[in-house]
Amino acid sequence: MASKTELVVEVKSPADKLWAALRDSTELFPKIFPQQYQSIETVEGDGKSAGTVRLLKYAEGVPMMTFAKEKVELADDENKVVSYSVVDGELVNFYKNFRITLKVSPAKEAKAGAVVNWSMEFDKANDQVPDPDVIKETATKTFHDLDDYLLKN
């Protein structure tokens, strides 16, 4: 049975700037998060549109994972929505149909900044598999760290 977990993160960076950085994560994330990503490379497609497959190699010290292949399922720049599935790597041993979706929106009212709506859908391979809470925690930290980086650059 599919499970879903959601997360809302408020950041100070403008929505357009945050979205551009997220869309450029293949190049940007290994530079600004070397403790997490050894490299990210496009192995199929143009690197951004639906059908693209990226290979993420994690840095030494990242728990339980050395690599992941993710396939972009949906990429909508106008509405700032991207969705991707993990198709290879250690995660597929624990979770079937692992899919992340995120949407970036301008902050409401008179607030500057943006809001990231992030969700993770997954099916556990078996009952012994824990919920992927560490991925949710990592996502939260990544959005805040990326925001800090963008505010300084």
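Helix axes are lines fitted to C-alpha atoms over the stretch in contact, and the angles between them run from 0 to 180 degrees between N-to-C directions. In this predicted model, the axes of α1 and α2 come within 6 Å of each other and cross at roughly 90 degrees. Angles of 65 to 115 degrees count as roughly perpendicular. Helix α1 is therefore roughly perpendicular to α2. The meeting residues are A21, L22 and R23 on the α1 side, and S25, L28 and F29 on the α2 side.

Helix α2 also meets a second helix. Its axis comes within 12 Å of that of α4, and the two cross at roughly 90 degrees. This crossing, too, makes α2 roughly perpendicular to α4. From α2, the contact draws on L28, F29 and I32. From α4, it draws on T142, L146 and Y149. L28 and F29 thus appear in the contact with α1 and in the contact with α4.

Helix α2 spans residues 25-32 and lies across strands β2 and β3. It runs at about 170 degrees to β2. The helix is mostly covered, with 6 of its 8 residues buried. These are S25, T26, L28, F29, P30 and I32. They pack against α1, β2, β3 and α4.

The strands form an open sheet. It has 7 strands, in the order β1-β7-β6-β5-β4-β3-β2, and the pairing is antiparallel. Strands β1 (3-11) and β2 (37-44) are the edges, each pairing on one side only. Neighbouring strands are turned by 20 degrees against each other on average, direction ignored. In general, strands of a sheet pair through backbone hydrogen bonds, either parallel or antiparallel.

Strand β7 sits between β1 and β6 in the strand order. On one side, 9 bridges join β7 to β1, and the two run antiparallel. E6 has S119 of β7 as its bridge partner. On the other side, β7 (residues 114-124) pairs with β6 (residues 95-106) over 10 bridges, again in the antiparallel sense. Here K96 stands opposite D123, and I100 stands opposite M120. Of the 11 residues of β7, 8 are buried, so the strand is largely enclosed by the rest of the structure.

Helix α4 (residues 133-152) packs on this sheet. It touches β1, β6 and β7, and its direction makes about 20 degrees with that of β1. The helix has 20 residues and reaches 29 Å from its first C-alpha to its last. That span is close to the 28 Å expected at 1.5 Å a residue.

The buried residues of α4 are I135, A139, T142, F143, L146, D147 and L150. Seen down the helix axis, they fall within an arc of 130 degrees, so they line one face of α4. An α-helix has 3.6 residues a turn, so residues three or four places apart point the same way. The face of α4 turned away from the buried side carries the exposed residues E137 and K152. Cover for the buried residues comes from elements that include β1, α1 (15-23), α2, α3 (91-94), β6 and β7. T142 and L146 are buried residues of α4 that also take part in the contact with α2.

Two residues in the sheet strands were examined individually. V82 lies in strand β5 (residues 81-89). Its relative accessibility is 11%. Buried means under 20% relative accessible area, so V82 counts as buried. Leaving aside residues up to four places away in sequence, V82 touches W19, R23, V72, L74, I100, T101 and L102. R23 belongs to the α1 contact with α2, and I100 is the residue that stands opposite M120 in β7. The C-alpha atoms of V82 and E70 are separated by 12 Å, with their positions 12 residues apart along the chain counted as the sequence separation.

F67 lies in strand β4 (residues 67-76). It is partly exposed, with a relative accessible area of 27%. Residues up to four places away in sequence aside, F67 touches L55, L56, K57, Y58, D88, G89 and E90. Among these, L55, L56, K57 and Y58 fall in strand β3 (53-58), while D88 and G89 fall in β5 (residues 81-89). F67 and Y37 are 30 residues apart in sequence, yet their C-alpha atoms are 9.2 Å apart in space.

Technical notes. Residues numbered from 1 in each chain as written. Predicted model: local features only at pLDDT ≥ 70, side-chain atom pairs only at ≥ 80, totals over all residues. Heavy atoms only, no water. Pairing = 2+ DSSP bridges. Helix = DSSP H or I, 4+ residues; strand = E, 2+ residues; numbered from the N terminus. Contact = heavy atoms within 4.5 Å. Expected span 1.5 Å × (residues − 1). Buried < 20%, exposed > 50% of the residue type's maximum accessible area, 1.4 Å probe, protein only. Arc of directions from axis to C-beta. Parallel < 35°, antiparallel > 145°, perpendicular 65-115°, else oblique.
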